[in-house]
Every structure is written in structure tokens, then in C-alpha cells.
Amino acid sequence: MRWSQLYVPTLREDPADADAVSHRLLVRGGFVRQLMAGHYSLLPLAVRVRARIMDIIREEMTAIGAQEFVLPAMHPAEIWQRSGRWEVMGEEMFRLKDRKGADLALGMTHEEIFTVLSQELRSYRDLPQLWYQFQTKFRDEARPKSGLLRVREFTMKDSYSFDVEPAGLDRSFDLHRAAYERIFARLGLPAIAVQASSGSMGGSTSVEFMSPSEAGEDLVVRCPGCDYAANTEKATSALPVVVDAPGPDAPERFDTPEARTIEELTRRHDVPAERQIKTLVYVVDGRLTLILVRGDHNLVEQKLSDTLAASAVRPATAEEIQAALGASPGSLGAVGVTGLPVLADEALRGRTDMTTGANTDGVHLRGVSVERDIAVQRWADLREVTAGEPCPRCGTPLEVVVTIEVGHIFKLGRKYTETLGVSVLGPDGGRVVPIMGSYGIGVERALASIVETHHDEKGIVWPVSVAPFEVAVVVLGGSDEKVTETAESLYRRLRGERVDVLMDDRDERPGVKFRDVELIGIPYRITVGARGLAEGTVEVTTRATGETRSVPVAEAAEHVRKLLTAAV
């Protein structure tokens, strides 16, 4: 490809609305342009990178025996209604009607549609099956941001496994996990495999692949002393045992007219946050529910949803709280409350001589024994883990890392095959419901995450495996016949050796050419100029290190080929 024929609208200044590094550099480098919030046009350079990413994924999926499909992006509502997710997906699902008034959806994911296809499986001998596709997904994100990292329209590689029994699902899951580890290694993308919540997808075992980045929105808890790692939606820690004083025989009321927060109660009445009971009121599947956590802990809503297998969870309004408890937030407690479900975090189990709201504005209770004074219906791990808490496996202080989710794998179980009526003939002649797994990688998000990891002050530094071009031949002085002939000869030879090469034949100043090649991140640059040719050499520059070497013209192509081989 010649630069004079390539559409690369590079910019000299950062776009004003770009917050993430990848957003800034992909716009500046002429890779993407925004059409509207959450929707991006991929320009030729981005299409080339995307194709390379997909090639790597396709190779690794093929290696584990997966077969490629292409399924519709628009789905009839009836299938989603049968699975129960038409309502569960809420406002994130794009819904529309056709000219006949039929309800349709733009696919957020394809569990239901692949399951419908699996209805044609007849016998256990047809299993296992590993099916995958690359398809556009649509999610009506409330706050699309950070360029390609959080969008409303994107390409996903989603795959699905169908097995006869749990042992088969274990094998399919492990095959995908190993394939994902190879994929991210080949993409040059550091990814931590962590325990995670399955969320609206359902199922049991769930593993996310998280890439550390300040542009991320997910927090991962990991242990530097062992292999423990989990999303904060799933993470736990080993809290030290606390020995409380027995306290009084019954809770005691005391006035707190100006203390409406944990911090104010600590400051004005000398009650440490760790000795307070924080009472939160949520509406869970339409029912008002009290949630208790220690005063210095935060609730993780996903843990609450997972604990109760809830479809809809939201904080109660002030009006709902007042009607149910007779007090305002800041004076709430569960002592003496009946008729409402009460859930408590495990960190409160066995605690005595604690302080909580009295359900009277401006009044609290001290000397509360949780299990004596509160009718806790269910105990669960509901709190958010923070840095420095002991690892639940080895006791080492935990770290909290900001990350981007780049992949997610689930053991779905039989949720979809049972609901949609899939069964096969089993080895004993009876009917068997296949067990499923689901496995996803966001392609454009992976592309942006690679940029988040591989960049410097000059621009993107693509790994060779995904770069839009592997080598740029930069011509300095296009009017010099010898320079032009040498550049053309190198260009033809590299192409003949199947090197993906871009020749910068533009009539531009050297500084402009060098800046553009650095900005778009081509791994190697061969500079052909009259000064070097006078000595029989060209310059070969490595983008990642900035190292430049003078190489004899006759050896340049072979030198670059060896660099590429070593890099891959």
C-alpha cells in the first residue's frame, strides 16, 4: 500500500472530548471517527488492526475445534421472552417494531439464538459442539465514553459450548480459558483471569479477563502472594476476628440530632465507623429489603443481586423509606423491625455492643447485639473488599487494580436449553438436556485496550501481531531518481516476502512523515534518503525502542524480516 493512496486523516492536536489515551490516539491517528455517542466509524487503519485481531482469535478458536457461524443481529422478541430476559435486560436492550407491529430487538448477545439452532441436535453422539461467531452487538449504554472502550455498537466474538454432562462442560470451559490466555498473549495484551459474577447471563462459574489500565471502570482485587484474583463484584477477604465487649442487656437510645452520616456519628459522638451498623434500604424484585453492613464497609450491589438471584435491584426512595420505617436516611436501623426481609453481611455476624439508627430521626441505639436484637433472615458476603485486607487464601495484603474487561467466560448450565426445550437422545435411550457455556471477547474493546497498554508520548506502539502495517518505507527526496528506485525495490522485495509494508511516497517534509509513522505506530521504519545512499545504507528504526541502525541496502529487507520474526 502507498500512503498517497491511503485514507489516513491524522490530526496534530488531541480531540477535545477524548478522555482515554486510546480514544485520543485512535482519533489523532486517523483510525476512527465518531458518528454519535457510542457509535464509531472504523477507518482503513482500524479495519486492518481489527482484521488481525479477528484472525488471531479465529486461529485459536479453530485450534480447539470451534466452528464459525454468522447469526442475525436482529431478533424476534418471542425468543427473549421465553428465556425471561426480555424484561431482565431492561433499558440496555434496543427494541423496535417492524411494519406489522411485531416486537424485535437488536441483539445484545446470542445465547438464545444459538440455543434455538441447537434444537436440531439429535443425539449425545452429536456432542460436544463448540460454535462461535463475530457479530455486531447493540447495548444502549447510559453513558458511552472513552472511545471504543464503552460503546453502544461493537463486534463481539461470542462462542457457545454444548455438552452432555458437567464433565464435558468443564472440558469446554478449560479449552476456552486456555485459548483466551493464548489470544491475549498473542495480542500483546496483559490480562488477569479473575473470579466474576455471571450477572444477567446466569450460570455458575464465571471468569473475566481483565487488562490493567487507568482508563478502566472495573476494579480487580488480586493477591501478590498467590494466584487469588477476583472482580470486586465477587472478591472477598479474611477479616481479623473482633472480640467485642458484651454491652448492656438491651439497646440504649441516645440523641444524635446533628449526626446523619457514619462520619458525623464518629466525629460528634466518638463512635468508630467499624462499630456502627449501616442500614441500607433496597427494593429487590419489588419488595422493600433491609441490608446491613459494617459502618466502614460498602455494599456491592451485584453481590446483593447474586445472593438473592434478583432480577431488579434499586435503592429505595426517601418516601418509600419513610413510609416503611418512619424515619429518614441517617437514622435507620433494623432493631425491632418485623415484616421486612433483613440481610446482613458476614462481617457483622456475632458482633455485640454496636451502634445503629433507632428509626426515629435524630436518635440512635448503642449496645446492639446483632444476633440478639435484629431478626436477620440471611447472612451473606455483601461488602466491597479494599486494598490491604488479608487474602482469603494466604493472608497477604490484597491489591486493588483498575482494569478493562477484555473477555468473559461462563458456565451457563442448562438455563437456556431447558427454557427453550432442547434435548438429545442419551446413551441409555432417555432424553438428555445439553449443558452450555458462553464465552465472549469484544473485538474493538481489545483493539483500544492494546493502545492503552502500548503507547508513548509520540503515539501508538502496535505489537507486530496486530499492527496495521509491519514496516513503513519512508522516502526522503522523491525527486531523486536513485532514492525512488531504491525505495521501490525495497518495497517490492518486502511485499514479495509477504511483509505487510506501507510506502510513504507523499510529497511531505521528513518531520511530517516521521511524526505520522510514529503516531500510527508502525513497528519498523526504513528510511531511504540521498545521504544514506551515498554510503550505500538505509536507516532502520524500531518504533518500540526508538533505536536506529544504518544497514546496507542489500541487507535491509532481510534485516527487517529477522526483526519481524523475532518480534512475533
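How many bridges join β11 to strand β12 (residues 229-231), and in which sense do they run, parallel or antiparallel? Three bridges join them, and the two strands run antiparallel. The model is a predicted one.

**Strand β11 and its partners**

β11 and β12 make a hairpin, with six residues between the two strands. β11 covers residues 218-222 and also pairs with strand β21 (residues 399-413). That pairing is antiparallel and has five bridges. Arg222 takes part in both pairings: Glu399 in β21 stands opposite Arg222, and so does Ala229 in β12.

The strand pairings with their bridge counts are listed here.

| Strand pair | Sense | Bridges | Opposed residues |
|---|---|---|---|
| β11 and β21 | antiparallel | five | Arg222 and Glu399 |
| β11 and β12 | antiparallel | three | Arg222 and Ala229 |
| β17 and β20 | parallel | three | Asp345 and Ala380 |

**The five-stranded sheet**

An open sheet holds five strands in the order β16-β14-β15-β17-β20. Its pairing is mixed. Why do β16 (313-315) and β20 (378-380) each have one side without a neighbour in the sheet? They stand at the edges with a single partner strand each, so one side of each is left free of a neighbour in the sheet. On average, neighbouring strands here are turned by 35° against each other, direction ignored.

β20 is joined to strand β17 (residues 342-345) in parallel. Within that pairing, Asp345 has Ala380 of β20 as its bridge partner. Helix α8 (residues 301-308) lies across β14 (277-284), β15, β16, β17 and β20. The helix runs at about 60° to β14.

**Arg294**

Arg294 belongs to strand β15 (residues 287-294). Is Arg294 buried or exposed? Its relative accessibility is 12%, so Arg294 counts as buried; the cut-off for buried is under 20%. The side chain of Arg294 makes a polar contact of 2.8 Å with that of Asp296. Leaving aside residues up to four places away in sequence, Arg294 touches Leu239, Glu274, Gln276, Lys278, Leu348, Arg351 and Met354.

**Two crossing helices**

Helix α2 (residues 44-63) and helix α12 (residues 443-453) have axes that come within 10 Å. They cross at roughly 110°. α2 is therefore roughly perpendicular to α12. On the α2 side, the contact involves Ala46, Val49, Arg50, Ile53, Met54 and Ile57. These meet Val443, Glu444, Leu447 and Ile450 in α12. Eight of the contact residues are nonpolar, none is polar and two are charged.

Definitions and conventions. Residues are numbered from 1 along each chain as its sequence is written. This is a predicted model: local features need pLDDT of at least 70, side-chain atom pairs count only at pLDDT 80 or more; totals for chains, interfaces and linings use all residues. Side-chain values use heavy atoms; hydrogens and water are left out. Two strands pair if DSSP finds at least two bridges between them. Helices (H or I, at least four residues) and strands (E, at least two) are DSSP runs, numbered from the N terminus. Axes are lines fitted to C-alpha atoms, for helices over the stretch in contact, and angles run from 0 to 180 degrees between N-to-C directions. Angles under 35 degrees count as roughly parallel, over 145 as roughly antiparallel, 65 to 115 as roughly perpendicular and the rest as oblique. Contact means heavy atoms within 4.5 Å. Ala, Val, Leu, Ile, Met, Phe, Trp, Tyr, Cys and Pro count as nonpolar, Asp, Glu, Lys and Arg as charged, and the others, Gly among them, as polar. Buried means under 20% relative accessible area, exposed over 50%, partly exposed in between (1.4 Å probe, protein chains only). A polar contact is a pair of N or O atoms within 3.5 Å; within protein, one must be able to donate a hydrogen and the other to accept it, and residues adjacent in sequence count only if both atoms are side-chain atoms.
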